[in-house]
Amino acid sequence: MKTKIFIAVFLYLAINVSAQSDNIISVKNIKGQAIGGINTAPAEIIEKAIKNAKLNALTKAGIHEQINTYQNLYRSETSQDYEEIFMSDVFTNISGVVQSVTIKDTVARFDESNYALKVTITADAKVIKYDKKEDRTFDAWVEGIKNYYNSPSPATFKIKPTEDCYAQIFLIAREQESYQLYPNQYEKKQLLKAHKEHSFPTVPYIDYELSTKLKQEPHRLIIVLLKESIPFTGKVAYKPILDWIFSISPEKRVVKSFGITVIKN
């Protein structure tokens, strides 16, 4: 009998992240402002002010050639917004990212004339500025991923990279728990050799079983190929995965993203 890894299982990794960055720039006393209406929660206004501070930190660090991309990235926090990012070419266009923000001061003022709450924060930030662009010779061919799967059914696919690399593979589900597909407790990390087809699952007693309790449920399969062995840790969800990806210099990574739907018979 095969050992099955179910979507409902949430895997935690007991390993430390070793994110690689090219150049970390510290910027001081960055301002961020946001205004909300009478029905907007103060916490939401503060969060918007923090996002605007991130944009200002990027500008001050000298990263402004793709400001529209950054606005979409830092002002979007829902899973749907992150899914749009995974479907776009943002991974090759972006040239830096805010690593951390330390809030030093928060000022909130209520304007009675228009019933609006204005929040201004002052913060210090650390920005990762990539020194190198994407490596266009580093890519991968992926075969076998379907648009639709009946529930339950196994998923299998093949990866053929152009260079020796390591893989981190995630499956993001909307309603059920998302998890790291590979590596896992049954499949250990291994080097994927260049110009060779590698089948997943990598061992015969494993099934990547897709299932849902809903009539149909969208998922996103995210394959991250890395020139170096860089582990992922933390909660398996859109934002932590995205933050981890952007902590890695573009020339060291390739991201392949696939939208799939699991249908209950």
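**Notebook: loops, sheets and one cavity**

I started in the loop between strand 4 and strand 5, where I found Asp 135. I noted at once that this is a predicted model.

*Entry on Asp 135.* I asked which residues Asp 135 touches, leaving aside its neighbours within four places in sequence. I got Glu 163, Lys 227, Pro 250 and Glu 251. Then I looked up its side-chain polar contacts. One joins the side chain of Asp 135 to that of Thr 137, at 2.6 Å. Another runs from the side chain of Asp 135 to the side chain of Lys 227, also listed at 2.6 Å. I also checked a distance across the chain. Asp 135 and Val 254 are 119 residues apart in sequence, and their C-alpha atoms are separated by 8.8 Å.

*Entry on Lys 256.* I moved on to strand 14, residues 253–264, which holds Lys 256. What does the side chain of Lys 256 make a polar contact with? I found the side chain of Asp 139, at 2.8 Å. The C-alpha atoms of Lys 256 and Asp 139 lie 9.3 Å apart, with their places 117 residues apart in sequence. I saw a polar atom of the Lys 256 side chain 3.5 Å from the backbone oxygen of Ala 140. I then listed the contacts of Lys 256, again not counting residues up to four places away. Asp 139, Ala 140 and Val 142 are among them. Leu 221, Ile 222 and Ile 223 are on the list too.

*Entry on the sheet 2-4-3.* I looked for sheets next. Here 3 strands form an open sheet in the order 2-4-3, with antiparallel pairing. Why is one side of strand 2 and of strand 3 left without a neighbour in the sheet? Strand 2 (24–36) and strand 3 (96–111) stand at the edges and each has a single partner strand, so one side of each stays free of a neighbour in the sheet. On average, neighbouring strands of this sheet are turned by 20° against each other, direction ignored. I reminded myself that strands of a sheet pair through backbone hydrogen bonds, either parallel or antiparallel.

I then followed the pairing of strand 3 with strand 4, residues 116–129. The two run antiparallel and are joined by 14 bridges. I picked out one bridge: Gly 96 has Lys 129 of strand 4 as its partner.

I asked where helix 1, residues 42–60, lies. I found helix 1 across strand 2, strand 3 and strand 4. Helix 1 runs at about 140° to strand 2.

Back in strand 2, I stopped at Asn 29. Asn 29 is not a glycine, yet its phi is positive, at about 50°.

*Entry on the sheet 5-8-11.* I turned to another open sheet of 3 strands, with the order 5-8-11 and antiparallel pairing. Its edge strands are strand 5 (140–143) and strand 11 (198–200), and each pairs on one side only. From one strand to the next, the twist averages 20°. I counted how strand 8, residues 157–161, is joined to strand 11: 3 bridges, running antiparallel. In one of them, Phe 157 is partnered by Phe 200 of strand 11.

*Entry on cis bonds.* Phe 200 came up again. A cis peptide bond joins Phe 200 to Pro 201, with omega about 0°. I placed Pro 201 in the loop between strand 11 and strand 12 (206–210). I noted another cis peptide bond, from Tyr 182 to Pro 183, with omega near -5°. I found Pro 183 in the loop between strand 10 (179–182) and strand 11.

*Entry on the cavity.* I looked for enclosed space last. How many cavities of 30 Å³ or more does the structure hold? I found 1. About 50 Å³ of space lies in the largest cavity. I went through its lining and met Phe 157 again, along with Ile 145, Tyr 149 and Ala 155. Leu 171, Leu 181, Tyr 208 and Leu 210 line the cavity as well, as do Leu 221 and Ile 260. Leu 221 was already in my notes as a contact of Lys 256. I checked the character of the lining residues: 10 are nonpolar, with no polar and no charged residues.

Terms used
Residues numbered from 1 in each chain as written. Predicted model: local features only at pLDDT ≥ 70, side-chain atom pairs only at ≥ 80, totals over all residues. Heavy atoms only, no water. 1 Å grid on protein atoms, 1.4 Å probe; cavity = no way out; pocket = protein on both sides within 12 Å on 5 of 7 lines; lining within 4 Å. Points joined across faces, edges and corners; volume = space filled by probe spheres on them. Nonpolar A, V, L, I, M, F, W, Y, C, P; charged D, E, K, R; others polar. Helix = DSSP H or I, 4+ residues; strand = E, 2+ residues; numbered from the N terminus. Contact = heavy atoms within 4.5 Å. Polar contact = N/O pair within 3.5 Å; in protein donor to acceptor, adjacent residues only side chain to side chain. Pairing = 2+ DSSP bridges. Axes fitted to C-alpha atoms, helices over the stretch in contact; angles between N-to-C directions.
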